[in-house]
Amino acid sequence: MKYGKFVFLFFLMSYLYGCDYYDDRLVVNNRNTSNIYVVFSQDTVIRVNDINAFMMPDYFVKSNEKKNIIEPGSQKAWEFLAEKSLNQQLHIFIFSEDTLNKYVASTVVKMKKYTRRIDLGINELKIRNWVVVYE
């Protein structure tokens, strides 16, 4: 009897943990000749508490490739993030792989060593079919 309860509990927990929601609509299209990392902020500047996102494999986009960037929490997670952000826009910071290999994260933040910042509202993202192009 104990074994049956254990199996039931195992399957129940597997089912509940398997129901995670995420938003994978955002696609970064890197048309540049260098590999990049993308970082998202709720402000138009990167803060020190955002540096934990630097050099994460999920935010790495190789040269001339596209990548879906996944935001966990909801199937509309990117919209929720933009709505909570300054000017209700998604603030996307582009960093070259080379820069992040040369400098420590605090220097990158302090000296604003990002290559480009792209600010897009929800309507713009929908018009672009959730594709952000970096050239």
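## Surface and burial

Let's start on the outside: the protein exposes about 8,800 Å², and carbon and sulfur atoms supply 53% of that area. Keep in mind that this is a predicted model.

What share of the 135 residues is buried? Buried residues come to 36%, where buried means under 20% relative accessible area.

## Helices, strands and contacts

The protein has five helices and nine strands. Going along the sequence, you meet them in the pattern α-β-β-β-β-β-β-α-β-α-α-β-α-β. In other words, the pattern opens with a helix and ends with a strand.

Now for who touches whom along the chain. Take the contacts in the protein with a separation of 6 or more: 72% of them come from residues 24 or more positions apart.

## A three-stranded sheet

One part worth a look is an open sheet made of three strands, in the order β5-β2-β9. The pairing in this sheet is mixed. Which strands sit at the edges? They are β5, covering 65–68, and β9, covering 131–134, and each pairs on one side only. On average, neighbouring strands of the sheet are turned by 20° against each other, with direction ignored.

## Zooming in on β2 and β5

Strand β2 takes in residues 27–30. How many bridges does β2 share with β5, and in which sense do the two pair? There are four bridges, and the sense is antiparallel.

If you want a spot to find in the structure, try Asn-29: this residue stands opposite Lys-66 in β5.

Key:
Residues numbered from 1 in each chain as written. Predicted model: local features only at pLDDT ≥ 70, side-chain atom pairs only at ≥ 80, totals over all residues. Heavy atoms only, no water. Pairing = 2+ DSSP bridges. Axes fitted to C-alpha atoms, helices over the stretch in contact; angles between N-to-C directions. Buried < 20%, exposed > 50% of the residue type's maximum accessible area, 1.4 Å probe, protein only. Contact = heavy atoms within 4.5 Å. Areas by Shrake-Rupley, 256 points an atom, 1.4 Å probe, with all protein chains shown as cover.
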